[in-house]
Amino acid sequence: MKIKMLAVAFATVLTSSVCLAQANQSAVIEDFKPSTCNQPGQMYPQVNSQGYARFRVVSPQAQSIVVSLGLGGAKGGTPLTKAEDGSWMGTTAGPMDEGFHYYHLTIDGGVFNDPGAMNYYGSTRWESGIEIPAHDKDFYALKDVPHGNVQQILFPSKSTNTSRRAFVYTPAGYDKNAKTKYPVLYLQHGWGEDETAWSNQGHANLIMDNLIAEGKIKPFIIVMTYGMTNDAKPVTIGSFSYVPFQTVLVDELIPYVDANFRTLANKENRAMAGLSMGGMETHAITLARPDVFSYYALLSGGTYNPAELKGKATPKLIFISCGSRENPDMVKKAAVTLKEAGYNAVSFVSENTAHEFLTWRRSLKELAPMLFK
């Protein structure tokens, strides 16, 4: 009798699992379209209206392919299944968070990029990228508005004995208004990324173009540079020292920008912000050199407290943000504490996002109108 009951129970569980799997499968809407981050002409990866991602890779000799992107990511990602034509295909087990995501392929134990997707520097390597359309994507969309320019500059760095690279965003009209001078935001990337991140992954230039076109912000310049130095390339962020980069930023890059661009070259018209590691750099450098910046912004990069600001020049704005899946209570509490101490502090929490670029895109959108008032 017990064996019979166990058999019935097993059959019930098996039937339930099959029904659940079929229900989940039938719930996926088949309106997949190529990701906006795909290589020209490539049909995969694809994304549907629910946020599911589907991948297809042609590799006839492979024995196993797993995509790092998927529910849980580190829990296994998305395994692909081989078809008779030698292609491999698979769909994420559930919808992904809105916004931009890095990912890669593990083929028979080796790590490779997806040949269908464009590459973005993150995780200390060039990774494949995919965009899950966000419900509020309009603010960073490419629109028919006047566009600014993002240009590469190479500036001399005696402290690192090399020429270093930065990207500079100048707003629409910069080249026509030869007498107009602009405030400057120094905007830093996160660990494992570089000076291309805020333009490529973050769409900072499009966010600025749209806000300026809507009359929501005062036009300003943005400078984005690499946040490491030649002798500071940590395996873990815990071993990173901000001091060599402070020299590069304050003593080398800022004078170069002020000499070669039409800037309002004073503290009152200079801001520093950064995401994650860039926020940590912002925190340390603004405290060490309060004579340089008047606006501070930490995007998923920690908080300030009144004790560490005491006795220093009072900033015009302290902006602190994170995703709702990070530590929003800490961010909100820090802003309240700073306000009570007399500082102009603002907190922002991006809903339904974690430590990812949609959090930081939204943060820049909120921050920009508060700068250089």
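In the predicted model, strand 6 and strand 7 form a hairpin in which four residues separate the two strands. Within the turn, Gly86 adopts a positive phi of about 90 degrees. Strand 6 comprises residues 81–82 and pairs with strand 7 in the antiparallel sense over two bridges. Thr81 has Met89 of strand 7 as its bridge partner. Strand 7, which spans residues 87–91, also pairs with strand 3, again in the antiparallel sense and over five bridges. In this second pairing, Met89 is the bridge partner of Arg56. Met89 is thus the bridge partner of Thr81 and of Arg56.

The loop that precedes strand 3 contains a buried glycine. Gly51 is located between strand 2 (46–47) and strand 3 (53–58), and its relative accessibility of 5% places Gly51 among the buried residues. When residues up to four places away in sequence are not counted, Gly51 touches Pro95, Met96 and Ile132. The C-alpha atoms of Gly51 and Ala134 lie 8.9 Å apart, although 83 residues separate the two in sequence.

Ile132 belongs to strand 12 (residues 125–132), a member of an open, antiparallel sheet of three strands with the order 8-12-11. Strand 8 (99–103) and strand 11 (119–122) stand at the edges of this sheet; each has a single partner strand, so one side of each lacks a neighbour in the sheet. Neighbouring strands are turned against each other by 50 degrees on average, direction ignored. Five bridges connect strand 8 with strand 12 in the antiparallel sense, and Tyr103 stands opposite Ser128 of strand 12. Helix 8 (residues 357–367) packs on the sheet and touches both strand 8 and strand 12. The direction of helix 8 makes about 145 degrees with that of strand 8.

A further open sheet consists of four strands in the order 5-4-9-10, with antiparallel pairing. Its edges are formed by strand 5 (78–79) and strand 10 (110–112), each of which pairs on one side only. Strand 9 (residues 105–107) runs antiparallel to strand 10, and three bridges join the two. Ile107 has Gly110 in strand 10 as its bridge partner. Strands of a sheet pair through backbone hydrogen bonds, in either a parallel or an antiparallel arrangement.

Helix 8 also takes part in the surroundings of helix 3. Helix 3 (residues 204–213) is mostly covered, with eight of its 10 residues buried. The buried set consists of Ala204, Asn205, Leu206, Ile207, Met208, Asp209, Asn210 and Leu211. These residues pack against four strands and two helices, namely strand 13 (149–157), strand 14 (162–170), strand 15 (184–188), strand 16 (221–225), helix 2 (197–200) and helix 8. Just after helix 3, Gly215 takes a positive phi of about 70 degrees.

A search of the whole structure finds zero disulfides. Cysteines are nevertheless found in buried positions: Cys37 has a relative accessible area of 5%, and Cys322 is buried at 3% relative accessibility. Both values fall under the 20% limit for a buried residue.

How values were computed: Residues are numbered from 1 along each chain as its sequence is written. This is a predicted model: local features need pLDDT of at least 70, side-chain atom pairs count only at pLDDT 80 or more; totals for chains, interfaces and linings use all residues. Side-chain values use heavy atoms; hydrogens and water are left out. Two strands pair if DSSP finds at least two bridges between them. Axes are lines fitted to C-alpha atoms, for helices over the stretch in contact, and angles run from 0 to 180 degrees between N-to-C directions. Contact means heavy atoms within 4.5 Å. A disulfide is a pair of cysteine sulfur atoms within 2.5 Å. Buried means under 20% relative accessible area, exposed over 50%, partly exposed in between (1.4 Å probe, protein chains only).
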